[in-house]
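Thank you all for coming; I would like to walk you through one structure this morning, moving from the loops to the pocket and then to the aromatic rings. Please have the sequence and the model open while I talk.

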Amino acid sequence: MEFKNSIEGAVLRVLRNAPPSHYLLNIQSFSSLNNLNKFISDNFDAGGFEWKLCLYPNGDKENKGEGHISVYLELAEMSSLPIGWEINVIFNFFVFDQLQDKWENKAFPFNEYRMGLF
C-alpha cells in the first residue's frame with residue numbers, strides 16, 4: 001500500500017487480489033423519506049460479506065449529523081464472525097444531488113471511522 005500527501009490532497013494507492021464491488025441504492029423520491037428517522041437498504045454482497053446501507057434522511061442526530069444526510073455502511077450479519085475479527089475495506093459514497101445536478105463523493109480507506117457531511 002502506498003499513501004502520499006500533496007497540496008492537492010491525499011492519494012492512496014492499493015494493490016489487491018479481490019475485484020471491486022459496487023451497490024447502487026436508487027431513491028426515486030427522497031422527499032418520501034422525510035418522515036423516516038432511518039432507512040435501511042436490502043442486504044448486498046461485497047468482498048464475501050453481506051452489507052447494508054443505513055441512511056438517515058434528516059441526519060444522524062446522535063452523531064452531530066442534524067441538517068445533513070447521514071449514510072453508514074454496516075455489516076448485515078456479525079454473529080458468525082469470530083471474536084477479535086477485523087475487516088479492512090475501502091469504500092466510497094457517491095450521492096447525486098438532483099437539485100444541483102451534481103455528484104458528491106466521500107472516500108473512506110480501510111477500517112478508519114470517519115465522518116463526512118453531505
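D101 lies in the loop between strand 7 and strand 8, and I should say at once that what we are looking at is a predicted model. The phi angle of D101 is near 55°, which is a positive value in a residue other than glycine. As background, most residues other than glycine have a negative phi. Is D101 buried or exposed? With a relative accessibility of 59%, D101 counts as exposed, because the cut-off for that word is a value over 50%.

Q98 also lies in the loop between strand 7 and strand 8, and Q98 counts as exposed as well, at 61% relative accessibility. If you follow the chain from Q98 to F30, you will find that the two are 68 residues apart in sequence, and yet 9.8 Å apart in space when taken from C-alpha to C-alpha.

Let me step back to the overall plan. The protein has zero helices and eight strands, so that reading along the sequence gives the pattern β-β-β-β-β-β-β-β. Of its 118 residues, 22% count as buried. Among the contacts between residues at least 6 apart in sequence, 26% join residues that are at least 24 apart.

Now to another loop, the one between strand 2, which covers 9-13, and strand 3, where N26 is found. N26 counts as exposed, with a relative accessibility of 54%. The C-alpha atoms of N26 and V95 are separated by 9.9 Å, although these residues are 69 residues apart along the chain. H22 has its place in the loop between strand 2 and strand 3 too, and H22 is exposed, with a relative accessible area of 73%. For H22 and F44, which are 22 residues apart along the chain, the separation between the C-alpha atoms is 9.1 Å.

The next loop residue gives us a contrast. S41 sits in the loop between strand 3, residues 39-40, and strand 4, but at 5% relative accessibility S41 counts as buried. What does the side chain of S41 reach? It reaches the backbone nitrogen of L53, at 2.8 Å. Leaving aside residues up to four places away in sequence, S41 touches Y23, L25, K52 and L53.

Two of those names, Y23 and L53, bring us to the largest pocket, since they are among the residues that lie nearest its centre, together with N92, F93 and F94. This pocket has a volume of about 1700 Å³, and 45 residues line it. Which strands each supply at least two residues of this lining? They are strand 4 (44-46), strand 5 (49-56), strand 6 (70-75), strand 7 (91-97) and strand 8 (102-108). Strand 7 gives the most, with seven residues. In terms of chemistry, the lining of the largest pocket divides into 30 nonpolar, eleven polar and four charged residues.

I will finish with the aromatic rings, for which the count comes to five pairs. One of them joins F49 and W51, whose ring centres are 6.4 Å apart and whose planes stand at 70°, so the pair is edge-to-face. The partners in this pair are not equally covered: F49 is partly exposed, with a relative accessible area of 28%, whereas W51 is buried, with a relative accessible area of 9%.

Another pair is formed by Y56 and Y72, with ring centres 5.7 Å apart and planes at 85°, so this one is edge-to-face. Because Y56 lies in strand 5 and Y72 in strand 6, the pair ties together parts that are 16 residues apart in sequence. Y56 counts as buried, at 13% relative accessibility, and Y72 counts as buried, at 15%; both words follow because the cut-off for buried is a value under 20%.

That is where I will stop, and I am happy to go back to any of these places on the screen.

Technical notes:
Residues are numbered from 1 along each chain as its sequence is written. This is a predicted model: local features need pLDDT of at least 70, side-chain atom pairs count only at pLDDT 80 or more; totals for chains, interfaces and linings use all residues. Side-chain values use heavy atoms; hydrogens and water are left out. On a 1 Å grid over the protein atoms alone, a cavity is a set of points where a 1.4 Å probe fits but cannot get out, and a pocket is an open set with protein on both sides within 12 Å along at least five of seven lines; lining residues have an atom within 4 Å of a point. Grid points are joined across faces, edges and corners, and a volume is the space filled by probe spheres set on the points. Helices (H or I, at least four residues) and strands (E, at least two) are DSSP runs, numbered from the N terminus. Ala, Val, Leu, Ile, Met, Phe, Trp, Tyr, Cys and Pro count as nonpolar, Asp, Glu, Lys and Arg as charged, and the others, Gly among them, as polar. Buried means under 20% relative accessible area, exposed over 50%, partly exposed in between (1.4 Å probe, protein chains only). A polar contact is a pair of N or O atoms within 3.5 Å; within protein, one must be able to donate a hydrogen and the other to accept it, and residues adjacent in sequence count only if both atoms are side-chain atoms. Contact means heavy atoms within 4.5 Å. Rings of Phe, Tyr and Trp (its six-membered ring) pair if their centres lie within 6.5 Å; planes under 30 degrees apart count as stacked, over 60 as edge-to-face and the rest as tilted.
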